[in-house]
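Trainee: Could we go through this one together? I'd like to start with the empty space inside.

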Amino acid sequence: MQNFEIRDIGLAPSGHQKIEWVRNNMPLLRGLEEEFLKTKPFEGVKISLSVHLEAKTAYLCKVLAAGGAQMSVTGSNVLSTQDDVAAALAESGMMVFALHGATQEEYSSHIEMCLEHKPNIIIDDGGDLVGMIHTKRPDLAEDVWGGCEETTTGVIRLKAMEKEGILRFPMVAVNDADCKHLFDNRYGTGQSVWTSIMANTNLIVAAKTVVVVGYGWCSRGIAMRAGALGAKVIVTEVDPVKAIEARMDGFDVMTMAKAAPLGDIFVSATGCCKTITVDHMLTMKEGAILANAGHFNCEIDMDDLEKKAEEKKETRRNIMGYRLSNGKWINVIAEGRLVNIAAHDGHPAEIMDMSFAVQALSALYIKEHHTQLRNAVIDVGREIDDVVARRKLAAWGIEIDQLTDEQAEYLESWNV
């Protein structure tokens, strides 16, 4: 099996620089790299990884390789791969199968080539590696001890598979770890979505009306940052409890049908499909801007938009304009794909430092405990969250109090 020929594009030096930059800003992973170099906990273990292939992911791969892992790497979105970073990984000796702007057929081929590695551990972002094994390559399942899932959408898919009784190996829901979703989903998505929107549009956010679809952890961050930038924020939801949260956090809450005519910028982050439809678009303002922050490009109904738009043209780099039947133009960033990573650099390095530390430690947990685990979606152990949180505080030079024995006993007692 040959490496995907990405190393010949002549971009590797810039990729190495990007990886070194994030390494300097990811102290948790640096600490794990130093430990792994000494202990080699993944010696002889094959790991296949499908995560947005940019510098922070590349550094995670290098940390796992420092622990002895034999790495096979691909991306998790056709627009989020950075070719220079992929080239740098290939030059380091890893098997890399990824290309920015790949067709869907090429992308599927890269996923399958990555799995030809016959991995023991899978690190997934959106569930494409696991999905490929369960649909097209079940012959590979017997080698897999288990894996880790990075994102909300992937966990949703895995739980559906578990419910149907077809999940063939244990998967750790990394996304649901406190040190992942409380910070990555909220602060990472919140910042990186608006960094991308502002960079791609060169427009101000203040004084605009922003419609945020959903109010999960990612949407909370998006809404919070939009408000901080001076926008009026409207939230749409299907969950009554989350709708109450959004209202109590100070945002207007209404249906998408009512919000559509009011918004200037729309951002969806739900993990669901068709949250913004052409019917909604037909009621929007001239020049409305649409972006998706969910894993798959089905939250904005791009298929129907492509069919029904009377004209389309590139209005700015990474932005496609569509003229609707009523004559109005609406603008979609990054083909309706993940706006923060398909059209920019993704989450800040310090945020992904925490998420990828959880990933690395969860992969180690799978390696050490897979014989005792059932084929199910498994929560990240509290001890992993605790280790990551304490290391993060230490990197900031922050000390916190410790419970005394008396306090610990009090908290565990019912007879107070």
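Trainee: Which residues line the largest cavity?
Mentor: Thr-74, Gly-75, Asn-77, Thr-81, Phe-97, Ala-98, Leu-99, Ala-102, Tyr-107 and His-110 line it. A cavity is a set of points on a 1 Å grid over the protein atoms alone where a 1.4 Å probe fits but cannot get out, and lining residues have an atom within 4 Å of a point.

Trainee: What classes are in that lining?
Mentor: Five nonpolar, five polar and no charged residues. Gly counts as polar here.

Trainee: How much space lies in the largest cavity?
Mentor: About 40 Å³, as the space filled by probe spheres set on the points. The count is one cavity of 30 Å³ or more.

Trainee: Is this a predicted model, or what is it?
Mentor: Predicted: local features need pLDDT of at least 70, side-chain atom pairs count only at pLDDT 80 or more, and totals for chains, interfaces and linings use all residues. Residues are numbered from 1 along each chain as its sequence is written, and side-chain values use heavy atoms, with hydrogens and water left out.

Trainee: New topic, H16. Which of its residues are buried?
Mentor: Ile-384, Asp-385, Val-388 and Lys-392 are buried (under 20% relative accessible area, 1.4 Å probe, protein chains only). They cover an arc of only 100° around the axis, so they sit on the same side of H16.

Trainee: What do they pack against?
Mentor: Helix H2 (27–39), helix H8 (178–201) and helix H15 (349–369); contact means heavy atoms within 4.5 Å.

Trainee: And which exposed residues are on the face turned away?
Mentor: Arg-382 and Ala-394, where exposed means over 50%.

Trainee: What follows H16?
Mentor: Gly-397, with a positive phi near 75°.

Note on methods
On a 1 Å grid over the protein atoms alone, a cavity is a set of points where a 1.4 Å probe fits but cannot get out, and a pocket is an open set with protein on both sides within 12 Å along at least five of seven lines; lining residues have an atom within 4 Å of a point. Helices (H or I, at least four residues) and strands (E, at least two) are DSSP runs, numbered from the N terminus. The arc is that of the directions from the helix axis to the C-beta atoms.
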